[in-house]
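Hi everyone, and thanks for coming. Please bring up the sequence and the structure, and we'll walk through them together.

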Amino acid sequence: VSAYTYLGYILYHFDNYQGFADNFSNMSWTRFLFLFFVFILLPLNLFLESLKWKIILSGMENISIFTAFQSILAGITTGFFTPNRIGDPLGKVLYLQEGNRVQAVALSYVATFGQSFATFLCGIIAGFFLMFSPAFTEYQDSVGLQTTAVLFLLLLIFLYFSLPYIIRRFTAISKFSKLNHLLEAITEISVNRLGVISILSLVRFMVYSSQYYLLLLFFGVDISIYEAVVAIPINYLMVSITPSVAFSELGIRGSYAIIILGAFTHNTPAVVLAGVTVWFINYVIPMITGSLLLTAKKKL
């Protein structure tokens with residue numbers, strides 16, 4: 001409610017809709033190339049997530065990249081209407097052997113953690129760039145803030161690569177046999193495999209960040225690459241840590257876009273449209289496709 005209220009307030013008080021409309025009426029064909037490349041990057045985005053899922057499962061079940069792709073689409077569908085997409089594993093595991101589905105639920109959260117790791121890593125690094133920009137000189141001498149950010153980043157890296165060890169120690173003392181069985185697959189993930197997952201997550205983060213930047217250019221936002229590299233990761237970081245469900249994501253994403261990207265441009269409607277469009281392309285289109293796949297699977 002707060003997000004939609006804030007979004008509506010800002011858009012209501014925007015006083016240059018005529019200029020915004022003129023920007024579209026004078027649009028050159030080269031700007032449509034930006035939109036074209038956004039759609040081209042969608043399959044790459046989904047492929048990277050599918051490859052990540054295949055690698056995570058490799059110690060338990062060997063699946064094809066096509067099966068992994070179907071699993072990802074099904075997971076997007078089942079997670080779409082749950083808070084922060086916690087229902088994602090329910091769709092992913094439908095394409096696995098029944099005996100592996102329980103443990104695959106835990107492995108699915110490893111994939112999610114890997115993407116969150118990439119988001120936090122890039123967001124914190126972008127925060128440092130922002131902190132040392134001319135507009136934020138008051139934070140450049142804030143040793144405490146800088147130290148906290150560095151320590152948090154180091155803690156995040158340590159926790160990510162120590163995940164199998166931490167789970168292994170937990171299951172060793174836990175008396176809940178069913179929970180131990182659920183977490184057992186995580187203990188068998190090697191550090192090397194976690195490294196590959198983190199690299200794929202970082203590449204995927206760069207892909208959908210590039211989509212965001214291309215959409216900003218398509219909608220006529222005058223923003224440099226440096227400003228985009230700083231603002232977009234911070235925007236994704238704030239969205240990722242905010243609890244949300246499908247119907248609230250538009251308001252939350254739009255509000256953060258205005259707050260963060262709005263620091264670099266006054267073209268508020270274009271910023272909101274870019275954020276909404278990248279969400280629609282990367283989540284709504286795959287969700288619709290995944291729902292069709294699930295329907296077909298149910299009939300079979």
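Let me begin with how the elements are named: helices (H or I, at least four residues) and strands (E, at least two) are DSSP runs, numbered from the N terminus. Axes are lines fitted to C-alpha atoms, for helices over the stretch in contact, and angles run from 0 to 180 degrees between N-to-C directions.

A word on where this comes from. This is a predicted model, in which local features need pLDDT of at least 70 and side-chain atom pairs count only at pLDDT 80 or more, while totals for chains, interfaces and linings use all residues. Residues are numbered from 1 along each chain as its sequence is written, and side-chain values use heavy atoms, with hydrogens and water left out.

Now, the first stop is a pair of helices. Two packed helices are described by the angle between their axes and the distance between the axes. Here, helix H3 (residues 29-57) packs with helix H10 (residues 191-218) at an angle of about 165°, and their axes are 9 Å apart. That makes H3 roughly antiparallel to H10; the cut-offs are under 35 degrees for roughly parallel, over 145 for roughly antiparallel, 65 to 115 for roughly perpendicular, and oblique for the rest. The crossing of H3 with H10 is left-handed, meaning that the near helix is turned anticlockwise from the far one by less than a right angle, whereas clockwise would be right-handed.

On to the salt bridges. By that I mean a side-chain nitrogen of Lys or Arg within 4 Å of a carboxyl oxygen of Asp or Glu. How many salt bridges does this rule count? The count comes to four.

Please find Glu49, in helix H3. Its side chain meets that of Lys52 in a salt bridge of 3.0 Å, N to O. These two residues both lie in H3, three residues apart, about one turn of the helix.

Glu49 also forms a salt bridge with Lys92, at 4.0 Å, N to O. This pair links distant parts of the chain, with Glu49 in H3 and Lys92 in helix H5 (residues 88-92), 43 residues apart.

Then there is Arg204, whose side chain meets Glu49 at 3.2 Å, N to O. Again distant parts of the chain are linked: Arg204 is in H10 and Glu49 in H3, 155 residues apart. Together, Glu49, Lys52, Asp88, Lys92 and Arg204 are linked in a network of salt bridges.

Are these residues buried or exposed? Both Glu49 and Lys92 are buried, where buried means under 20% relative accessible area, exposed over 50%, and partly exposed in between (1.4 Å probe, protein chains only). Lys52 is buried at 1%, and Arg204 counts as buried at 12%.

Last stop: helix H11 (residues 225-240), the place of Val239. Asn235 is in H11 too. Val239 is buried, with a relative accessible area of 11%, and Asn235 is buried at 2%.

What does Val239 contact, leaving aside its neighbours within four places in sequence? Arg253 and Tyr256, where contact means heavy atoms within 4.5 Å. The C-alpha atoms of Val239 and Tyr256 are separated by 7.2 Å, with their positions 17 residues apart along the chain. Not counting residues up to four places away in sequence, Asn235 touches Tyr212, Arg253, Tyr256, Ala257 and Ile260.
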